[in-house]
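Please read the report below with the sequence and the structure open beside it, and look up each residue as it is named. The text begins with single residues and then widens its view.

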Protein chains: 2
Amino acid sequence: MKTLAEEIGPSNRPVEEVARRARTTSAALAMLSTECKNAVLLDLARQIDAGAETVRAANERDLAAAREAGLADAKLRRLALTDAGLKQMSDGLRQVAALPDPVGQVTREYVSPAGLAVRRVRCPLGVILMIYEARPNVTVDAIALCFKAGNACILKGGREARRTNEALAALAGDALAAAGVSRDAVALLSTSDREEIRRMLGLRGWIDLAIPRGGRELIEFVHEHARIPTVQHFQGVCHIFVDESADLARALDVCATAKTSAPAACNAVETILVHERIAAAFVPRLAERLARDGVEVRGDAAVCRLAPSARPAAAGDFGREFLDLVVALAVVRDVDAAIEHIARFGSNHTEAILTESSDHQRRFVERVTSSCVLVNASTRFNDGYQLGLGAEIGISTSKIHAYGVMGLEELTTQRYVVRGDWQTR
Amino acid sequence: MKTLAEEIGPSNRPVEEVARRARTTSAALAMLSTECKNAVLLDLARQIDAGAETVRAANERDLAAAREAGLADAKLRRLALTDAGLKQMSDGLRQVAALPDPVGQVTREYVSPAGLAVRRVRCPLGVILMIYEARPNVTVDAIALCFKAGNACILKGGREARRTNEALAALAGDALAAAGVSRDAVALLSTSDREEIRRMLGLRGWIDLAIPRGGRELIEFVHEHARIPTVQHFQGVCHIFVDESADLARALDVCATAKTSAPAACNAVETILVHERIAAAFVPRLAERLARDGVEVRGDAAVCRLAPSARPAAAGDFGREFLDLVVALAVVRDVDAAIEHIARFGSNHTEAILTESSDHQRRFVERVTSSCVLVNASTRFNDGYQLGLGAEIGISTSKIHAYGVMGLEELTTQRYVVRGDWQTR
C-alpha cells in the first residue's frame, strides 16, 4: 500500500507548481506569530515521540530497498532510523522551539541625519531550497529551522531515504495543518530526476536561496545549473597543525578524537600536519595511537620513515575528505609551511593549530581564513551546539551571506524600516 | 598617443591572469593596517584634487568618442566629469578613509559551553568583481570601499567611460604603489568582449563575489553566466502610496521631489499610487505640480479622467524604471490594493506610504518586504549617506548577504576564531 505522501506528495506536481505554492505561502509565513510556529514544532515533536509508526515503516522499506541495491554497511547505518535517532529528532524540534524567534528582531535602531527613525529589522528570506544527501534527521532539522525563521522550504533529500523523508514531511504537514498553516510551507521533492532539479534551480524570483549540502558532484551540479542565489555547504577538509611547542600528550588526544569521535562528520580532522622539529618524537606515538583507535594513516615520505605502519599517501589523499576512519599525515617545515599547505588543500571549513607559541597562534589565526580557526582545541567544536548557537542547518563554506555555522539567524535577511515626519529630498 | 593605462592596462592580460593576480594579492590586503589603507585613499584624493589632468584628458576623449557615436544628451551629461564631479570623488575618498575599518572588528565574543573563548570576527571577502554601467565616480567609490574592506577588486565599467576609468584606475595604482601595496589590488577590465566577461564570471574559487549593478540586460547576462556568488544591484522601481489620510499638501512635496531631485537615481519614485477616496482632490493637484516641475505623467484610466494633462499609461509603464522625468500614476482601492500592486510590479528596492493611519502604516510595513520601506518620507532617503552608513557601493535587491544599502561592512564576511585549553571532542 502506498503511504499518503506517496499518493498526494509534491512529487506528483511539476516543480514549478511546488515553487509557486511555496512562494505564495511564504508571505503568510513571514507574519506567523512565534507561538504558532512553536506550536507546530512541538506538535511534530510529540508525534515523533508517540511512535511515528509511518516513519518507522517507511524507513524499513527504504532499508530493504537499500539492502537489495547492495548499499554499503556504513551507508545502511546512516540510513537506519533508531529509537535514539527519533529521540534526537524530537529533541532537536524542542530546542528550535526554545530558540528566540529571529523574525522582527531589531538589530540596529537610530535617528538619521535628516531626523528619520531608522530600524534594521530581521525578516525571512522567503523560499529556501535545500538539496542534501545526508541522514533523515537533516530533513527534520531543515524543516524546523526554515519554518521557525519564517521561510517556506522545499527539500530534496537523498534518493535512498526517499520514503523515510516523505513520511517525515507528511507528519510535518499534519502539524502545520493542525495549526491552520498551509501544508505548502514544507514541500518535499521526491523526484530524483536531474532535469526537474535543474528546472527548480532556474526558478529565479521564486526561490530566494538554494543550499546544496553534500559532496563534489552535488555541489558542481548546483553551481552549473543554479540561476538562484546559492550558499554551499561543501566538504570539510579539516586540518590540525601540531606545532613544535605543542603539549604532545594532549595533542595526541586532540588529534585522535578529532577523527574517531565522528569519522564521517564534516568537522572531523582529515589531515594532520606535524612540525619537523617534533616529528621524530610525535609521529610514531600518533601513528601508534591512531592504529590502536582503528584509524588508517596515510603518510608522506617523512611520516612513512618514522612510522612504518603508515601507508604511503596517494596523490589526492591530501585535500581529501575521507568521511571514514582514515587520516592523511604529513611533516611540514614550520607554521608558514602549514599555512601554505592549508591554503592549497583546505576547503575553508575548519582548521586548528596546537601550540604554546602566541606568535604562531596569531600568525595562524591571521593567515588561515577558514570559517572557523581554532587554537588548542579540536576541529570538532565547529558545530552550532558546541559554539552555543543552537541547531544548525549546516556549515557554509561560501563566504557570502553566512560563512561557517548556519543557524536560525542565517536563514533570515535584514531590511530597513524608516519612519519620517514628511521629509522630502 | 596611448595613455599609460592603455599601454600596460590589465585589458592586455587574459582575464584568468587578472583574477589570479587579484587572488594572490588578496591575502596581503587582508592584513594591511588601517593606517596604510587610509594613506592610499587620502593620497588618491590629493591626486584628484591636484588637477587629475590625465583623468580630465581621458574624459575629453571619451566625450568626443561618445558625441561621434551619437550618444543622447542625458548620457553625455552623465559621462562628463565636471570640477564638482572630481570634488565629489575626492570627498568620497576622504569619507571612506574616515570610516571605521571593518576588518578585524569583533562582532560577538563569548565563552562556549565547553569553555572555549569564541569570537566572531569580520574579515574581507577576498576578490570582488564589480560590473556596472554608471558614471565614472562609481569607479572611485568601488575602489575606495573594496580596498578599505581589505578586498582586491576587479572593475568592469561602462564602455563609454573606458578611458576615464582607466585614467582613474591608473591614479589608484600609483597611490597603491607609493604605499608599497601591489597594483594588483585594483584591476580594471577594459575589455567589452562578452566572451571574456563570461569567462571571468566562471572563475569559481578565484572571485568571491560578483556585484552586477545596472539594467535588465546586464543583470540577465550575469545570472545566465555566473558560476560565482552574486549579489545584484538591480533596478529601483520605487513606489509611493498616498493613503486617504495623508496630508495632501505635504504629500505633494514628497511625491514631486522624490522624482525631480534626481530623476535617474535608483531610489527616485517611478510609480505613485493614490487612494481612490482622495483621488478627486489629489490627482489633479499632483498632475499640475508634476507638469510644472517638468515631469511627464502616465496615468491609468482613472487618473486620465481626473487629470486630462496625463498621458495614458502604456502596457509596461507600471513596473518600469524610467530613469527620467516621467512617473506612472494610478488610483487604487485601498492600502491592500497598493500592497498587491507593489508585490506585482515592485523590484524589492524602496517603497513609501504617506498616511496618518498607524494601522495602515503597520500593515504596509509588515507586508511590503522591500529592502527599505518608509513611512511619511521620500524614497530618496534609501541611500548610504542619508541612512547614516557613509559611502555605499550600491543598493542590493538580492535578499542574501546584503539586502538594501551595501556599505563597507557588507563587503566583508565573518568567521569564528576560537581559543581553547586543549579541549578534545
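Asn348(B) counts as buried in this predicted model, because it has 24 C-beta neighbours inside 10 Å, and 20 or more are needed for that label. The same residue has a positive phi of about 65 degrees although it is not a glycine, and its place is in the loop between helix H14 (335-345) and strand S12 (350-354) of chain B. A second residue can be described in the same terms, namely Ala52(A), which is not a glycine and yet has a positive phi of about 50 degrees. Ala52(A) lies in the loop that runs between helix H3 (34-49) and helix H4 (53-68) of chain A. Ala52(A) is buried as well, since 20 other C-beta atoms are found within 10 Å of it.

From these residues we can turn to the chain as a whole. Chain A contains 15 helices and 16 strands, and its radius of gyration is 24 Å, close to the 22 Å that the globule rule gives for 425 residues, so chain A is as compact as a globular protein of that length. Taken along the principal axes, the C-alpha atoms of chain A fill a box of roughly 65 × 65 × 40 Å. Of the 425 residues in chain A, 56% are buried. If one takes the contacts in chain A between residues at least 6 apart in sequence, 72% of them join residues at least 24 apart. Chain A is divided into domain 1, made of residues 4-233 + 399-419, and domain 2, made of residues 238-381, and the C-alpha centres of these two domains of chain A lie 34 Å apart.

Which strands make up the sheet that includes S11(A)? Ten strands form an open sheet with mixed pairing, in the order S10(A)-S9(A)-S11(A)-S8(A)-S7(A)-S12(A)-S13(A)-S16(B)-S2(B)-S1(B). Strand S10 (311-312) of chain A and strand S1 (106-111) of chain B stand at the edges, each with a single partner strand, so one side of each is left without a neighbour in the sheet. As general background, strands of a sheet pair through backbone hydrogen bonds, either parallel or antiparallel.

Strand S11 (residues 326-332) of chain A has six of its seven residues buried, so this strand is largely enclosed by the rest of the structure. Strand S8 (residues 269-275) of chain A runs parallel to S11(A) and is joined to it by five bridges, while strand S9 (residues 296-299) of chain A pairs with S11(A), also in the parallel sense, over four bridges. Ala328(A) in S11(A) has Thr271(A) standing opposite it, and Arg298(A) stands opposite Ala328(A) too. In addition, Glu296(A) has Val326(A) of S11(A) as its bridge partner.

The sheet also includes strands of both chains, and the table lists three parallel pairings with their bridges.

| Strand | Partner strand | Bridges |
|---|---|---|
| S8(A) | S11(A) | five bridges |
| S9(A) | S11(A) | four bridges |
| S13(A) | S16(B) | five bridges |

In the pairing between S13(A) and strand S16 (residues 412-423) of chain B, which run parallel, the bridge partner of Leu374(A) is Val418(B) in S16(B).

How many residues of chain A are in contact with chain B? There are 60 residues of chain A in contact with 60 residues of chain B. The elements that give two or more residues to the side of chain A that touches chain B are strand S2 (117-124), helix H11 (248-260), helix H15 (358-367), strand S13 (372-377) and strand S16 (412-423) of chain A. The largest share of that side, 11 residues, comes from S16(A), and the residues of the side of chain A that touches chain B divide into 27 nonpolar, 20 polar and 13 charged. Moreover, 100% of the interface residues of chain A are also interface residues in chain B, so the copies meet through the same surface.

The last topic is the relation between the two chains. Chain A can be laid on chain B with an RMSD of 0.0 Å by a turn of 180 degrees and a shift of 0.0 Å along the axis, and this is the relation of a two-fold axis. The C-alpha of chain A nearest the axis belongs to His401(A), and it lies 1.8 Å from that axis.

Notes. Residues are numbered from 1 along each chain as its sequence is written. Chains are lettered from A and ligands numbered from 1 in the order in which they are written. This is a predicted model: local features need pLDDT of at least 70, side-chain atom pairs count only at pLDDT 80 or more; totals for chains, interfaces and linings use all residues. Copies are superposed by least squares on the C-alpha atoms of residues with pLDDT of at least 70 in both. Two residues are in contact if their C-beta atoms, placed from the backbone, lie within 7 Å. A residue is buried if 20 or more other C-beta atoms lie within 10 Å of its own, exposed if 12 or fewer, and partly exposed in between; C-beta atoms are placed from the backbone. Two strands pair if DSSP finds at least two bridges between them. Domain bounds come from an automatic or database domain assignment. Ala, Val, Leu, Ile, Met, Phe, Trp, Tyr, Cys and Pro count as nonpolar, Asp, Glu, Lys and Arg as charged, and the others, Gly among them, as polar. The radius of gyration is taken over C-alpha atoms; the globule rule is 2.2 Å times the number of residues to the power 0.38.
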